[in-house]
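Got a few minutes to go through this one with me? I'd like to see how each label holds up against its definition.

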Amino acid sequence: MPTFVAVESMTATHVAFVVLLFGAAMLSAGLGVYALYVARSQPTHRRLLSLFAMLMFGAALWSAGDGTQLLVVDEESQIAIETAINLVTVVPPLAWLLFAMSYGGREQWLSRRTYVLLAVEPVLFAVLLATHSSHDLLWSAAALTETQSGSLPLLQRELGPAYIAHALYSYALVIFGAYVLLFRARTQDTTFRGQATLLTVGALVPMLSNVGHLSGAGTALNLTGAAFTVSGVAFWLAITRYRLLDVVPVARESVIEEMRDGYVVLDESDRVVDANPAAEQLLSTSLSVGQPVADVLPADADVLDDDDADERTEFVVGEGADRRFVDATISPVGRDDASRLLVLRDVTETRETEQRFQALIENASDIVAVLDDDGTVQYQSPSTKQVLGYDPEEMVGGNAFDYIHPADQADLATEFAKGIEEDRPIERVEYRVQHADGSWRVHESVARNLLDDPAVEGIVINTRDVTEHRAREQELAATNERLDRFASVVSHDLRNPLNVAEGYVELLEDHVEDETALQYLKEVSTSHDRMDRIVDDVLALARQGGEITETMPIELESAARAAWSGVDTDGGTLDVVESTTVDADRDQLARLLENLFRNAIEHGATAGPSASENVPRETTDGGVHGGEVTVTVGTLPERDGFYVADDGPGLPPELRERVFEPGVTSREGGTGLGLAIVADIAEAHGWTVELGDTDGGARFEFVTKN
């Protein structure tokens with residue numbers, strides 16, 4: 001059992017040193033506990049705070065061990081306590097170095113490999129401590145003596161080479177940690193410099209105290225543990241005054257190293273002080289400290305001559321596929337603006353997008369213009385030269401309304417002003433513009449008010465030359481008018497003679513009794529009927545064709561039965577097997593069905609029995625039976641549409657590909673216009689018409705286009 005100093009024999013000096021050492025231990029331990037408490041609420045700084053706590057707990061154990069030694073008077077206990085204290089002394093230097101690297105922005109160094117390397121010396125030292133009785137590598141001739149007027153029992157030793165090497169190694173750790181903080185403080189703001197200074201002083205004071213003790217320049221009593229009281233005070237000031245645990249510099253690798261923009265710190269001679277990987281990537285080269293930055297910048301990059309921090313410079317790095325557009329700014333940093341910060345940003349994607357759209361605008365046939373709110377031209381696209389014959393640069397600064405036809409200026413100016421006042425797009429206005437050759441061209445424009453957009457600050461006009469289009473429309477209107485006049489001639493001047501001729505045929509039939517003559521008159525009457533059909537079909541194509549006026553939902557069965565009743569169905573039967581609702585023009589749908597029904601009846605009658613054998617009768621399903629030909633109307637099961645089919649002779653194979661062409665017919669005396677009209681009406685409705693597959697007869701399928 002250790003022998004302790006009797007209380008009554010302790011002098012005031014003895015008591016003062018014991019209180020000092022145990023007080024320092026309590027202060028260091030308190031700071032360590034406080035750091036761990038704060039770490040619970042700040043998980044992002046947990047490693048930094050844990051290292052700080054480790055430093056404080058190591059200092060606390062060291063001071064407590066030194067204080068305990070002063071209370072023990074037997075030599076064996078003194079040696080055991082000294083061995084334990086020396087084992088603890090490996091903790092504060094290691095904890096200080098790791099803390100300094102984490103706080104100083106060097107967390108990239110805190111890898112597993114670093115921890116392993118730093119653990120080698122403490123492990124070897126611990127082995128030597130465990131075996132110190134068998135060698136003199138750490139110390140020799142250990143003996144208990146009394147100093148300080150005989151009141152302090154101290155262990156005197158002769159230090160061995162391993163102990164001295166351990167002390168020097170510990171000093172190196174402390175000094176290197178101080179260097180990391182002080183180097184970092186050179187380029188940081190005042191807050192960080194104050195923190196770094198206090199932390200460095202707090203670490204160096206215990207080291208200086210230990211150096212004085214081991215060299216004999218200081219007291220015989222080792223006050224290194226107590227010197228950490230100074231460390232505790234320094235750290236406490238850093239915590240309270242500089243908010244060390246609230247405002248910890250973000251690790252360099254988590255911001256600077258990972259940021260997409262490049263940064264280069266330059267000294268007063270524009271040499272590289274620091275740079276991140278993004279800068280090296282943008283400049284396509286490596287950067288080293290002390291290297292003149294002008295050596296790696298393109299010759300046309302005049303950013304170093306720019307004394308105005310608000311100005312920007314852009315230059316190009318590389319060629320071909322490796323070409324990069326770099327936006328650069330430079331601004332003063334540090335004391336007295338002696339050093340500068342060069343910030344590099346990759347704007348390749350933006351510039352390539354701008355160039356792509358610029359190429360589209362410059363090669364477009366339409367004109368793109370940007371106007372002020374009073375019509376002054378800010379920008380005119382290169383297509384102006386091709387469309388109007390003017391050089392775009394000549395129009396910039398002039399007023400766009402000066403080129404407008406006088407008769408159109410007032411209306412266009414009114415629409416332009418309304419668009420600005422109401423802040424709405426100007427939808428498709430048409431006007432005449434004077435060409436450089438003096439002619440007037442018809443233009444159609446749309447406009448959008450972007451006066452409030454800082455990237456445009458104008459009204460964007462998109463203009464298309466529609467002169468030829470309007471000319472074609474006028475030609476088409478004139479053609480339609482001529483066609484309508486032709487239809488009127490056909491209707492009036494051709495049908496009247498036909499009616500007169502048919503009247504005389506009827507009169508002759510009443511007075512002629514010769515069978516041969518009657519047969520001839522019947523043939524003439526049939527020819528008149530065919531001519532009348534031709535007139536009807538020509539009028540339908542000329543005047544209406546497939547023109548749609550108004551569509552509405554129409555029930556297919558009712559439309560089919562109405563169309564059936566309007567056709568001479570002697571010799572046919574209508575069978576609606578399934579009905580649906582179609583969106584169609586009622587008159588045009590009726591004409592489509594009538595043409596199909598008439599076509600089926602006429603072709604079926606040609607191939608069927610004589611008309612005298614076709615006796616009309618009513619069918620059980622409500623259809624009208626007029627003979628052998630059956631016309632079926634129904635819906636398509638897997639497509640949006642309907643079909644019309646018959647069981648007549650069908651279409652010859654050689655006509656199936658041309659059946660919808662005008663003039664194509666399989667019946668002698670047919671006009672060949674009926675199915676052409678059907679195709680026009682289907683197209684006008686947005687339907688496709690196809691010949692369906694059937695065992696006999698013809699089948700027409702109408703499908704709504706998607």
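Q: What makes up the lining of the largest cavity, in terms of helices and strands?
A: β8 (367–371), β9 (377–380), α14 (406–421), β10 (426–434), β11 (440–450) and β12 (458–465) each supply at least two residues. Those labels are DSSP runs numbered from the N terminus: helices are H or I with at least four residues, strands are E with at least two. One caveat: this is a predicted model, where local features need pLDDT of at least 70 and side-chain atom pairs pLDDT 80 or more, while totals for chains, interfaces and linings use all residues. Residues are numbered from 1 along each chain as its sequence is written, and side-chain values use heavy atoms, with hydrogens and water left out.

Q: Why is something called a cavity here?
A: Because on a 1 Å grid over the protein atoms alone, a 1.4 Å probe fits at its points but cannot get out; lining residues have an atom within 4 Å of a point. The whole structure has seven cavities of 30 Å³ or more, and the largest holds about 360 Å³, volume being the space filled by probe spheres set on the points, which are joined across faces, edges and corners.

Q: Which residues lie nearest the centre of the largest cavity, and how many line it?
A: Leu371, Ala400, Tyr431, Ile461 and Thr463 lie nearest the centre, out of 24 lining residues. By class, the lining has 19 nonpolar, four polar and one charged residues. Nonpolar covers Ala, Val, Leu, Ile, Met, Phe, Trp, Tyr, Cys and Pro; charged covers Asp, Glu, Lys and Arg; the others, Gly among them, are polar.

Q: What about the second largest cavity: what is its volume?
A: About 290 Å³. It has 26 lining residues, with Trp62, Pro93, Ser170, Asn210 and Thr224 nearest the centre. The lining splits into 16 nonpolar, nine polar and one charged residues. Helix α3 is among the elements that each supply at least two of them.

Q: How do you know what span to expect of α3?
A: Take 1.5 Å times one less than the number of residues. Helix α3 (residues 75–88) has 14 residues and reaches 20 Å from first C-alpha to last, close to the 20 Å expected.

Q: Why does Ala301 count as buried?
A: Buried means under 20% relative accessible area (exposed is over 50%, partly exposed in between; 1.4 Å probe, protein chains only). Ala301 comes in at 12%, so buried is the right word. Ala301 sits in the loop between α10 (277–283) and β5.

Terms used: 1 Å grid on protein atoms, 1.4 Å probe; cavity = no way out; pocket = protein on both sides within 12 Å on 5 of 7 lines; lining within 4 Å.
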